[in-house]
Every structure is written in C-alpha cells, then in structure tokens.
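Q: Could you walk me through the internal cavities of this model, and then one residue elsewhere?

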Amino acid sequence: MSGVPPRDGDATQLTVEQEVDRLRWQLAISAGGVGGFDWDLVTGHLAWDDRLIELFGYERAGFRESIEAFNDRVHPDDLPRVTQALTECAETCGEFESEYRVVLPGGATRWVRARGRALAGGSDGRAVRILGAAYDTTDTRDADARTSRVLETMPSAFFSLDRDWRFTYVNAEAERLLDSSRAELLGGDVWELFPAAVGTVFDTEYHRAVETGEPVAFEAYYPPPLDRWYEVRAWPVPDGLSVYFLDVTARRRSQAEAEVAHAEAEQARRRAEEAADRLRLLVRVGEDLSATLDTEEAVGRLAQHLVPALADWCLVTLVDEQGALRDIGSWHALEELRPVVAEYRRARLSALGERAPLRRALRTGRPVTVERGATAELLDVLSPGAARDLLRQLGPESLVMLPLRARGRTVGLVSLFRGPERAPVPPQDLLTALQVADRAAVALDNARLYTQQHRMAEGLQRSLLTAPVEPDHVQVAVRYQPAAAAAQVGGDWYDAFLTPDGSTVLVIGDVMGHDVDAAAAMSQVRSLLRGIAYSSGTGPAAVLASLDATMQGLAVETTATALVARLEQVVDERARDVTRLRWSSAGHLPPLLLAPDGTVSALAAHPPQLLLGVDPLTRRSDAAITVDRGSTLLLYTDGLVERRGSSLESGTTRLQDVVAELAHLGLEDLCDEVLARLVPADHDDDVALVAVRLHPLDRPRPAEAGPNRVPPHPPTPVTPTT
C-alpha cells in the first residue's frame, strides 16, 4: 500500500484532546498485551512498538518505519483488501478493522487482526494520523478450522451468523439445503440473500433468540426458489447466532410420510445434539487440562466431565513409573452416592485380583468392556472386605476400562460404570471416551517428561555448585533456585572458598543462556575462575582479567557477568574488629551491604566494567571499603530482581527495601524470606544468591552461624600485602 499523500497547506498539530486520546490508546494497548502502531499521514512515518515488530517478524534495527515495511509482510492475496480499508479510514477520518495474513521470514504464515482510528487535525477536519492495535489470531483460526472439520462430518445442516446477520460459516449440508455455494453465502447478509424470509417466522425467531439470549426451535416454509419446509434450531452465541436446520418438506407434503420424516428429523437432531455434546465435552476437557500446571489434579477431574454424559459413575487411576496404581479421581451422577464411590476408590485397588478388568486393561493396553453382569464379575475378583460391600451398593451393570496411553506406555486408566437403567456405552460414546483418554494421556505424559527434564537440569546445575566455606567468624549462606520451565536452568552460579593467604573469596556469576549448554559453559568458567583466584592470590580485578584472557585462549565461547569479592584482614584491622572488602565486577549487578545499624546500600563500582568473553584486553579495577563486623553482604543474579514490565532499577530498589525490612533475621532465614518475597512461582529465570555475615571477633561464633567449614587442611593465614 502506498502512503496517503500529505495534506496541502500548513503543517497541523494534533489538538490537546487528540494527544489525550493518543495517550489513552497507548496505555490501553499496553495493558492489553497487544501491539500498537502510529502512522503519521503527513510525514509517512510509521511507528510500531516491540510487540508489533515481533508479530511481523522484524528485528527493531531492521524495521524501516514506513508503510512499505508493512506492505512487505502482508500476504499478497490480502494486501489489496487491507490497502483499501486503510485508505477509506484516512479519507473518511473513520475507523479501520481488518484481519489478514503476515508472511514471516522463512515462509511461515501468521494471522493478525488489526483495528484503528483516524485522528483529524487542523480546521479542515481531515485525518493526519491513524492509531491502532493488532494482535495474533492464528490460534483462533486454527481452532475454528478444527471445529469446522467436526461440523463437516455432521449429517445435519449448520450455519452461523455474526451480529450483523452475515454468514460466517456454512457446512456442506447447509450448502445443499440452501441451494447456494459457500462462495455465494459467506460474508453475505442473510436477509439480502434470502429476502423472502424477511417478516416471516425466520425473521421473528432469529431476532427473538438474539434479543432474549434463549435458543429457539421452529418449523417454517421458504417459497421458491427453495420451495421447502425447514425444521430449525437456533441459539445465540457471543458473536452472533448458530443454526441447525433440516429439510422436512416431504413430511409436510404428505401426512402418510410425515411420521417417517419426523422420526428421521428427530434422529438427525439427536445425532447433531449428541455430536455437539461430545464436542463440548472434548472442549471442556481440553480447557481443564490446559488451564492448570497441576496436570494430575486436572486428570483427576475427568470423572466429573464424563459423568453423567458417558457413565453413571467413574474412577480415574494413575500409573507411576514402576507400574503401581493410584486412584486420583471419582464421581457419581447422584450426589448421595458420591461418598460411597469415594470410599470404594480408597478400598478397591488393594482388593483387586490379577484377573480384574482394570488389571487386564493395564497389561494389554487395550479397552476392556463388560456389557452385562459387571457387579458379579467384579465381586469375583475382589477380596472379601469393604470394597465388596461398597460395590454391591453401587451395583454397576456394565463397565468400560480405558487405558490412558501416550508414547507407547500406559500412564493411567479411566473406569466407566453404568447401572441397569442404562444401556452399555454405545460406539459413539466410546469413541468420545477414547478421545478424552488420549488427551489426558498426553497431558500426563507431558507432565512426566517436564518433571524429568526439570529434575535433570536442576540436578546438573546443583551438582556443579559446591558447599561454601565458612572460616572463623564468617557465616556464608547460599541459595540456588531453578527456573519454573523444564530444563531452563544452567547459567547462574555462586562460589565461596579460601585462598592460601587466608582470605575468603566470594563469587557470583551468570553465563548467558538457560539450558544444559549454559550449565556446561558455566562449569568451565567457574572452574577456571576458582583455579586462577586460588593459585594466583591476586585481587578480584586481576582474577577477572586473567579469566577473560584464559577464556579466549582456551576457546571458551561464551559471555558471562561475574562479580568477585575478597574479604581481607591485616593485623590492625583484626584488632579494630573491621574487615576490608575488595571487589570487581564484570558487568554484574552491584552487591548490597547491610550495615549493623540496619541501613542498606548498593556497592556500585565505577566506572562500569565490561562483561567476560567480549574483550580480554579491557582494563579492570578493584573497589575497596572497610566494613564493620556485624555487617551482611548480599551477592545475587538478575533472576532475583528482573521482571517483565518493570525496570531493573526498580527491582534492585525493591530488593534493598526487603533486605532492610528483614535486617533483624538470621542469615539463613533472611535468604529464605528474600526468595519467598521476590521470586514468583512461575519465574522464568534461575536465581543464585550468596549472603555473608561477619560476626564480631570478640565473642564466640554464634550458634546460628553453625560450625566453621574450611578445607581439610586449611592454609595458614598470611597477612596480605597492602
């Protein structure tokens, strides 16, 4: 689309009211999590926020900020339509709405829906800019496609209308009965395409359904060219109206054939309703499984979804890695029998014999069905006791045991029971139950794999982190908390050790990346730093400079931030009960110092120094201060303070406030409480933390500090060279 030409005459400025509107728009789209755009029609400048740049597959540096950059990404088949909509918006100073495809680099396609409004400027009232927002509708399109495939298999006609009475969907049967193709129907106004329906029962009942929010059912005749009677069922949905309808012309024309036609229509309607019920059941189960991180709890609720739709009562069983069974859910259609089912659930597994249908389904991995006499068959495989007595109260006549299988293994089972008043589970319901079982099985197995990956990655990370030393009256506490996502750990590390001269070296660092590769790179960087610091005995800046050069020489291809601190005491400082702290930072966050009087300060080194792995020749320097005994030093990684939608500075300030509030706590409790307050359950970055408290030397080491922890043969302290 070419840009709308700038307006003639003097350049215009948006009015105060327009600027207020623009600010409200920016705040609204930011809160809604969608992308926003601002197209200046006078200069042609097109501004996109970061979300919109991401939606269109651009990098910020490569986005040309022009309408041509937009046109380059819009699908060629959609571009003329979108261009026309934008042009009309500008010419009428009105609103813009369109849904179109975006072709991403590499050829993938994404659906985007955009809405906007033109803003007028100057006395002529003509548009000078268009503000708008856009969001990704690909998932909605995909879900609609899946629903359409189900509707296409239905034997009855179905169509849907939006709130403007335009066709949004028509299945194949509806095309046949309406004697029109989808190309003719979709997007068309129902009253314009079928003018004879205006003022008839179609008109009245459709409007009544929309106005009252209640479904309607009726029969009506449409004159030539259709010349047919229809049985119609319509109900309102959030975005319009859904309609099932059947051709009942034959029944209307001949009384003799009316009964047959009526039976067929009823059967078709029931099938349609049952199909819709089954579809809704699958949707509910899918939503429940995806709405919580506790998959086991969601699978346990399957019983409530399947009863009474597919069974009178139901049990859900989990199979662990060793093949052990555990019932995790139960439900009965009758409220008074739910406690009985719950008791049977607690008693049955220990009483089941090897010939039980449940164990057969587990061994074979295939459904086991008992169509009659289920009570007698189960009593035959139950040991005497409470389970037998409870089963007699429940009295099932038929049952189906369904294995939940995923990736070649059975991860659970669903037991469906029906009483004598109901026929055994029919094929259609069994198919639905199998689909539910498949979805639950995949969810359970995904949860199992997630747990395995999380434990593996966390175990790898923790295996690389050693317990800190705690010499003399120095108390050291360390914490490592992995990211919530599976395998998203590996970059952060801490260290605390003694050097031969008796100084305590503290290290905190973060290798770029969050995966097993990052953990491997971290172990290399950590080991190199530890060896250099121990063997050289040099200050923090020299250690970091040597580490940077070593990483380049050994081709350790990674980048990392790190902070090295060193606690030192000469004889005079020990006598005065103070400690000298020297530190150097390679692009890492400043440590916090909690003084004995409760004040908290950030120890920022100046000037800021480059992170590791970029330029080994960069100059590094130490910072040093003298701290009183009783002080606490806190070193941490960015996962503790960095959050989406919030600046790093505000996160660091929040940490300082929390530490000040918790200053009265012991060191271990302080660390636990800081993590509890600042790290959410779903955090997406790992967190490492080192806290050091310098207890006074003129009294015994306090019990809360625990015993000294030093190497088996600690070096003899040496007074460091000043």
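A: What follows covers the cavities and then a single helix residue.

A: This is a predicted model, in which local features need pLDDT of at least 70 and side-chain atom pairs count only at pLDDT 80 or more, while totals for chains, interfaces and linings use all residues. Residues are numbered from 1 along each chain as its sequence is written, and side-chain values use heavy atoms, with hydrogens and water left out.

Q: How many cavities of 30 Å³ or more are there?

A: The structure holds seven, a cavity being a set of points on a 1 Å grid over the protein atoms alone where a 1.4 Å probe fits but cannot get out.

Q: What volume does the largest cavity have?

A: About 150 Å³, and of the 14 residues lining it, the closest to its centre are Phe-159, Leu-178, Phe-194, Phe-202 and Tyr-206, where lining means having an atom within 4 Å of a point. By class the lining has 14 nonpolar, no polar and no charged residues.

Q: And the second largest cavity, what lines that?

A: Its volume is about 120 Å³, and its lining includes Trp-39, Trp-48 and Tyr-100; the lining residues divide into twelve nonpolar, no polar and no charged.

Q: Changing topic, is Ala-387 buried or exposed?

A: Ala-387 is buried, with a relative accessible area of 2%, where buried means under 20% (1.4 Å probe, protein chains only).

Q: Which residues does Ala-387 touch, leaving aside neighbours within four places in sequence?

A: Ala-387 is in contact (heavy atoms within 4.5 Å) with Tyr-344, Ala-347, Arg-348, Ala-351 and Leu-382.

How values were computed
1 Å grid on protein atoms, 1.4 Å probe; cavity = no way out; pocket = protein on both sides within 12 Å on 5 of 7 lines; lining within 4 Å. Points joined across faces, edges and corners; volume = space filled by probe spheres on them. Nonpolar A, V, L, I, M, F, W, Y, C, P; charged D, E, K, R; others polar. Buried < 20%, exposed > 50% of the residue type's maximum accessible area, 1.4 Å probe, protein only.
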